[in-house]
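Biologist: I have a sequence and a structure to look at, and I would like to learn how to read them together. Could you take me through the features one by one?

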Amino acid sequence: QPPLVETGGGLVHTGGSLRLSCDTSGHAFTSYTGAWFRQAPGKEREFVAAISWSGDNTYYSDSVKGRFTISRDNGKSPVFLQMNSLKPEDTAVYYCAISPTVFYSVDDYPQRHLYLYWGQGTQVTVSS
């Protein structure tokens, strides 16, 4: 069983909203860097958003900036992703990812290989 389980995906119309959660399955994450990635059919997995170890800093891809908000809860649900003003191009499988380390460079956050724990993903479909 993967250490992370994403929930909250579904089918929405353009302009709609969804809130994704990333629940732990027995692990207690207290100090971590958290992120969301997504993968559309036929495309590589891409960075969406991240939140720093301290929780003080957030980072977003240009394609979601201003529409998505990442947040954290130092407990059972390490990271959330509030998605507003959804577009058909947001359709993808969304994955949460956790790193138990501190990132010292903003360039580190989009690097998939730096995240140790992953969920199996939740499907988000936005209809036009």
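Modeller: We will go from the overall fold to single bonds and then to the surface.

Modeller: Please keep in mind throughout that this is a predicted model.

Biologist: How many helices and strands does the protein have?

Modeller: The protein has 0 helices and 11 strands, so that, read from the N terminus, its elements run β-β-β-β-β-β-β-β-β-β-β.

Biologist: And what does the radius of gyration say about the protein?

Modeller: The idea is to set the value beside the one that a compact globule with this number of residues would have. For 128 residues that reference is near 14 Å, and the protein has 13 Å, which agrees with a compact globule. The C-alpha atoms fill a box of roughly 40 × 30 × 25 Å along the principal axes, and buried residues make up 44% of the 128 residues.

Biologist: What share of the contacts links residues 24 or more positions apart?

Modeller: Among contacts with a separation of 6 or more, 60% are between residues 24 or more positions apart. Ser21, in strand β3, can serve as a case to look at: leaving aside neighbours within four places in sequence, Ser21 is in contact with Val5, Glu6, Thr7, Trp36, Val79 and Phe80. Ser21 counts as buried because its relative accessibility is 15%, under the 20% limit for that class.

Biologist: How should I read a disulfide, and how many are found here?

Modeller: A disulfide is a covalent bond between the sulfur atoms of two cysteines. A search of the whole structure finds 1 disulfide, and this disulfide joins Cys22 to Cys96, with an S to S distance of 2.1 Å. Cys22 lies in strand β3 (residues 18-24) and Cys96 in strand β9, so the bond ties together parts that are 74 residues apart in sequence.

Biologist: Are Cys22 and Cys96 buried or exposed, and why is the disulfide called right-handed?

Modeller: Both Cys22 and Cys96 are buried. As for the handedness, the torsion about the S-S bond of Cys22 and Cys96 is about 60°, and therefore the disulfide is right-handed.

Biologist: Let us turn to charged side chains. How many salt bridges does the structure hold?

Modeller: The structure holds 4 salt bridges. One of them is between the side chains of Arg38 and Asp90, at 2.9 Å from N to O. Arg38 lies in strand β4 (residues 33-39), whereas Asp90 lies in the loop between β8 (79-83) and β9 (92-99), so this pair ties together parts that are 52 residues apart in sequence.

Biologist: Which other residue forms a salt bridge with Asp90?

Modeller: Asp90 also forms a salt bridge with Arg67, and the closest N and O atoms of that pair are 2.7 Å apart. Because Arg67 is in the loop between β6 and β7 (68-72) and Asp90 in the loop between β8 and β9, the pair ties together parts that are 23 residues apart in sequence. Salt bridges that share partners join Arg38, Glu46, Arg67 and Asp90 into one network.

Biologist: Are Arg38, Arg67 and Asp90 buried or exposed?

Modeller: Arg38 counts as buried at 5% relative accessibility, Asp90 counts as buried at 1%, and Arg67 is buried with a relative accessible area of 11%. For another case, consider the salt bridge in which the side chains of Asp62 and Lys65 meet at 3.3 Å from N to O, where Asp62 counts as exposed because its relative accessibility is 67%.

Biologist: What about Glu89, and where is it found?

Modeller: Glu89 is found in the loop between β8 and β9, and at 55% relative accessibility Glu89 counts as exposed. The C-alpha atoms of Glu89 and Asn57 are separated by 26 Å, with their positions 32 residues apart along the chain.

Biologist: Finally, how much accessible surface does the protein have, and which residues form a nonpolar patch on the surface?

Modeller: The accessible surface comes to about 6,400 Å², of which 49% belongs to carbon and sulfur atoms. Trp53, Val102 and Tyr104 form a nonpolar patch with about 350 Å² of accessible area together. Within this patch, Trp53 is placed in the loop between β5 (46-51) and β6 (58-60), and Trp53 counts as partly exposed because its relative accessibility is 32%.

Definitions and conventions
Residues numbered from 1 in each chain as written. Predicted model: local features only at pLDDT ≥ 70, side-chain atom pairs only at ≥ 80, totals over all residues. Heavy atoms only, no water. Patch = residues over 30% accessible without salt bridge, like charges linked within 9 Å, V, L, I, M, F, W, Y side chains within 5 Å. Areas by Shrake-Rupley, 256 points an atom, 1.4 Å probe, with all protein chains shown as cover. Helix = DSSP H or I, 4+ residues; strand = E, 2+ residues; numbered from the N terminus. Buried < 20%, exposed > 50% of the residue type's maximum accessible area, 1.4 Å probe, protein only. Rg over C-alpha atoms; globule rule 2.2 N^0.38 Å. Contact = heavy atoms within 4.5 Å. Disulfide = S-S within 2.5 Å.
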